[in-house]
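Here is a colleague's note to read slowly, with the structure open beside the text. Please look for each element as the note names it.

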Amino acid sequence: MRVISYNLRKNRASGELVALAERYTPNILCLQECNTIDLPAEVGNLHLADSTRRNRLGLAIYYRKDRFTAVKTETFALKKSLHDRLAAPAHERLIATRLIDNVAHREFVVGSFHAAPLTALNSLRRNQIHSAHEELSILGPGLPTLMVGDYNYPIFQGKLGNKVNQTGYDLTLSDTRTYTRYKFFRGHFDLATSMGLTISNVETLPQGTSDHMPILVTATYESRTDSAHRPTESESVSAEGLDFTI
């Protein structure tokens, strides 16, 4: 399974989506900061499952109809930061779709997530991530689950990884940093958290017109007997998620 996640930077990179779909042939495409009013029903061979409705910075999920059948899509509002209350950029910070994989004959849940910006505390983003995981578990109880997106969590990712592991999820970083807009803060902003899946690779794709680089997640289903396995200490996430440039 190949999943691309891309923060479009207020829809500026929307013109790159067809080329991304053709070059990397993802099965699923998860978007953040898109203009949902202008979203096409199809991006290459990917079909729009649904998008948020009340967001200035919208979220959306596309999937291949020849591989998956969409069962249900829901959007979720998470705990608000002060920035959310003042600027109102995003009422809903998670959209998720429950899919039937017609090739593997499995069901699973995929979510596109956009955490509060860096003006908020990491503790609030951890709360949002935890709440998002709970909502995904309600949408697909016991199903393999993948949540990708802009986590806005470039430092202290070791602590985040530990918190995520405690709830049964794994945190996976991409091979290189994904965000370069700020001179002093360049790190892994775009992440993947998963349950019941083996993430074999998270590749940072070349930068386009967005300040975020797309990530390409390659995942396989765990066997049902392996799904209870938790990462060993050697598999835990490193805190080296941020580069400082002075």
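The points below take up two sheets, the helices that pack on them, and an aromatic pair.

1. Please keep in mind from the start that this is a predicted model, and that the residue numbers used here count from 1 along the chain as its sequence is written.

2. One open sheet has 7 strands in the order E3-E4-E5-E2-E1-E14-E13, and the pairing within this sheet is mixed. Its edges are formed by strand E3 (42–43) and strand E13 (197–204), each of which pairs on one side only. In general, strands of a sheet pair through backbone hydrogen bonds, and they do so either parallel or antiparallel.

3. At the E13 edge, the neighbouring strand E14 (residues 215–221) pairs with E13 in the antiparallel sense, over 7 bridges. To find this pairing by eye, you can start from Val202, whose bridge partner in E14 is Val217. Helix H1 (residues 17–24) packs on this sheet, where it touches strand E1 (2–7), strand E2 (28–34), E3, strand E4 (46–51) and E14, and its direction makes about 155 degrees with that of E1.

4. Another open sheet has 6 strands in the order E6-E7-E8-E9-E12-E10, again with mixed pairing. Strand E6 (68–76) and strand E10 (170–172) are the edge strands here, since each pairs on one side only. From one strand to the next, the twist of this sheet averages 20 degrees.

5. Within the 6-stranded sheet, strand E9 (residues 145–150) and strand E12 (residues 190–195) pair in the antiparallel sense over 6 bridges, and Met147 stands opposite Thr193 in E12. Helix H3 packs on this sheet and touches E6, strand E7 (94–101), E8, E9 and E12, with its direction at about 35 degrees to that of E7. Helix H4 packs on the sheet as well, touching E10 and E12, and its direction makes about 150 degrees with that of E10.

6. How do H3 and H4 lie with respect to each other? Helix H3 (residues 122–139) and helix H4 (residues 157–166) pack at an angle of about 30 degrees, with their axes 11 Å apart. Because angles under 35 degrees count as roughly parallel, H3 and H4 are described as roughly parallel to each other, and their crossing is right-handed.

7. In the contact between these helices, Arg126, Ile129 and His133 of H3 meet Lys159, Leu160, Lys163 and Val164 of H4. The residues of this contact divide into 3 nonpolar, 1 polar and 3 charged.

8. A search of the whole structure finds 4 aromatic pairs. One of them joins Phe108 and Tyr221 in an edge-to-face arrangement, with 6.1 Å from centre to centre and 80 degrees between the planes. Phe108 lies in strand E8 (residues 106–114) and Tyr221 in strand E14, so this pair ties together parts that are 113 residues apart in sequence.

Conventions. This is a predicted model: local features need pLDDT of at least 70, side-chain atom pairs count only at pLDDT 80 or more; totals for chains, interfaces and linings use all residues. Side-chain values use heavy atoms; hydrogens and water are left out. Axes are lines fitted to C-alpha atoms, for helices over the stretch in contact, and angles run from 0 to 180 degrees between N-to-C directions. Helices (H or I, at least four residues) and strands (E, at least two) are DSSP runs, numbered from the N terminus. Angles under 35 degrees count as roughly parallel, over 145 as roughly antiparallel, 65 to 115 as roughly perpendicular and the rest as oblique. A crossing is left-handed if the near helix is turned anticlockwise from the far one by less than a right angle, and right-handed if clockwise. Contact means heavy atoms within 4.5 Å. Ala, Val, Leu, Ile, Met, Phe, Trp, Tyr, Cys and Pro count as nonpolar, Asp, Glu, Lys and Arg as charged, and the others, Gly among them, as polar. Two strands pair if DSSP finds at least two bridges between them. Rings of Phe, Tyr and Trp (its six-membered ring) pair if their centres lie within 6.5 Å; planes under 30 degrees apart count as stacked, over 60 as edge-to-face and the rest as tilted.
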